[in-house]
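I opened this model to look up how its parts pack. My notes follow the order in which I checked things.

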Amino acid sequence: ASPEVMMALLFVAIVLATVSLVDHPRFLTGLVLVVLAAVSYAAHTRHVTLVVSAAVALVWLVHRRRLTRLEGGVLVAILLGLALLAHLYTAWAIDVTWVSVNERAGSGALLERFGRPDRIAKTTLGMTWYQLVSTLGVIGLGAWILVASTARLAVAEGIGLHRRHAAAVMLHTLPIAAVGAVFMAGSDEQIQFVAQMVYGRYWEAIVPPILVLGLLYVASTSAVAVRRSIVIVVGVTASVGGLLAVLRRDDVQQSLDALGGLGVGRRILGLVPFLPDSKSLPVLQITVVAVVLMLGVYAPLLVAPAWRHARATTFSLIGLLAVVGILSVDSRLDRHNPDPESLASIRVPTEIGLVSPDTSVQFHAPGGRLQVWNLYQFVYSDIPLSRYDPESTARPDFVFAKKRQPILQQVGGVVVWEDPHRNVALWQLPEDT
């Protein structure tokens, strides 16, 4: 299951703990921050950056004599110890739940991608576009207020965000954003899913505080400042969308041709309400729709700024974001809670006589993910499904695998059945493989 919700809650808790520690430096508050950072790392290794940023916050407080050297040293030692335990736990969890670990998801692969700034820039552009569109620009307003508060710009006056609080949020936010963008940049030989080009999900953990700041900015700041900021954010959204459509047009087409547009909607839930179907990503059309919605909801503040208009705009934004969230969650539930008809379709190969308890059946999961195969094993409780090994001399009669699987095509495999609800097919192998 995806840990994104847990990661978002933990991130909010870490931000609050850091703000509290900066305001009132106490050993106990520092201990809470240390534990939360280690738990976040255990929830997902991508959040190892929170261990580093928590350590930086502690060192800074010792440097400013807000904590004693003894307190700071003990807290950092506890942090490192808990981080080690989190690392060991994660290694164990991966070992027992994955068939094989995808090397493209390792730390080595992450370091390799730092050498491709062009891919990182494109991915960052796509992830930024995803967040701006799916939040109707609110995330842009929140990010702007963070930067403005940290730099003590006049535009931040009125929202009441102290510079030290904004800096604390950015301390934890920027590393996660950077790692997410680099990770999704991919490698030269890897064909990205269309969704991975705008994979805003890897930033969703850091969204809640910024989203709240954006809403507060609309509701409480002077009308002139808000109006100027709204115009900038709408312009940035349109520009980013146009640039993304131009830079990634060929990449999107290549992905659709090679992968059939598989998994577009499932992987980018924030865009589900804007997608015409699940196998395409019309960036320009989505951008136009989002900009029109933004102009409509922000119109009262743009035309006749006033407190009552700011309040109405804020409520409208909350309502629209709730609609986007409900539609996205509903799409997610439809995919992960199969209906009886969907489950019944899995048994079709037995009903038409292809598969039986006497048949040798295996599954092919090259990435190591077992969710779909666990579902198949649950349905085929009377038929053990072992993992297909291309190097093995043992030959199965059939293999459950993706509908497009080159490794099975190369050995002469033929698709004899396709699951109408999932990217799964039953491949029959020739006798001489």
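These entries go from the whole chain to helix pairs, then cores, then two loop residues.

**Entry 1: overview.** I noted at the start that this is a predicted model. I looked up the secondary structure and found 18 helices and five strands. Next I checked burial. Of the 433 residues of the protein, 46% count as buried. I then asked how far apart in sequence the contacting residues are. Taking contacts between residues at least 6 apart in sequence, I found that 72% join residues at least 24 apart.

**Entry 2: helix 1 and helix 3.** I picked helix 1 (residues 4-23) and helix 3 (residues 48-63). Their axes come within 11 Å and cross at roughly 5°. An angle under 35 degrees counts as roughly parallel, so helix 1 is roughly parallel to helix 3. I listed the residues that meet. Helix 1 supplies F11, I14, L21 and V22, and helix 3 supplies L50, L58 and L61. I sorted this contact by class and got seven nonpolar, no polar and no charged residues.

**Entry 3: helix 2 and helix 3.** Helix 2 covers residues 27-43. Its axis and that of helix 3 come within 7 Å, with a crossing of roughly 160°. Does this pair run roughly parallel or antiparallel? Angles over 145 count as roughly antiparallel, so helix 2 and helix 3 are roughly antiparallel to each other. I logged the crossing as left-handed. From helix 2, the contact uses L33, V34, A37, S40 and Y41. From helix 3, it uses V48, L50, V51, A54 and L58. By class I found nine nonpolar, one polar and no charged residues in the contact of helix 2 with helix 3.

**Entry 4: helix 6 and helix 8.** I moved on to helix 6 (residues 117-134) and helix 8 (residues 163-183). The axes come within 8 Å and cross at roughly 115°. Helix 6 passes helix 8 in a right-handed crossing. On helix 6, the residues I found in contact are I120, T123, T124 and M127. They meet G180, A181 and V182 of helix 8. The class count for helix 6 with helix 8 is four nonpolar, three polar and no charged residues.

**Entry 5: nonpolar cores.** I looked up the largest nonpolar core and found 78 residues in it. Which members touch the most others? They are W129, V198, L271, L281, I286, Y298 and L317. I followed L271 further, leaving aside its neighbours within four places in sequence. L271 is in contact with W129, Y130, V133, V198, L281 and I286. Apart from the largest core lies another core, of 16 residues. Its members include A365, F398, F400 and V424.

**Entry 6: two positive phi values.** I remembered that most residues other than glycine have a negative phi. I found a positive value at R65, with phi near 60°. R65 sits in the loop between helix 3 and helix 4 (69-97). I found another at L136, with phi near 55°. L136 lies in the loop between helix 6 and helix 7 (138-150). Are these residues buried or exposed? R65 has 76% relative accessibility, so R65 counts as exposed. L136 has 1% relative accessibility, so L136 counts as buried.

Methods:
Residues are numbered from 1 along each chain as its sequence is written. This is a predicted model: local features need pLDDT of at least 70, side-chain atom pairs count only at pLDDT 80 or more; totals for chains, interfaces and linings use all residues. Side-chain values use heavy atoms; hydrogens and water are left out. A nonpolar core is a set of buried Ala, Val, Leu, Ile, Met, Phe, Trp, Tyr and Cys residues joined through side-chain atoms within 4.5 Å. Buried means under 20% relative accessible area, exposed over 50%, partly exposed in between (1.4 Å probe, protein chains only). Contact means heavy atoms within 4.5 Å. Axes are lines fitted to C-alpha atoms, for helices over the stretch in contact, and angles run from 0 to 180 degrees between N-to-C directions. Helices (H or I, at least four residues) and strands (E, at least two) are DSSP runs, numbered from the N terminus. Angles under 35 degrees count as roughly parallel, over 145 as roughly antiparallel, 65 to 115 as roughly perpendicular and the rest as oblique. Ala, Val, Leu, Ile, Met, Phe, Trp, Tyr, Cys and Pro count as nonpolar, Asp, Glu, Lys and Arg as charged, and the others, Gly among them, as polar. A crossing is left-handed if the near helix is turned anticlockwise from the far one by less than a right angle, and right-handed if clockwise.
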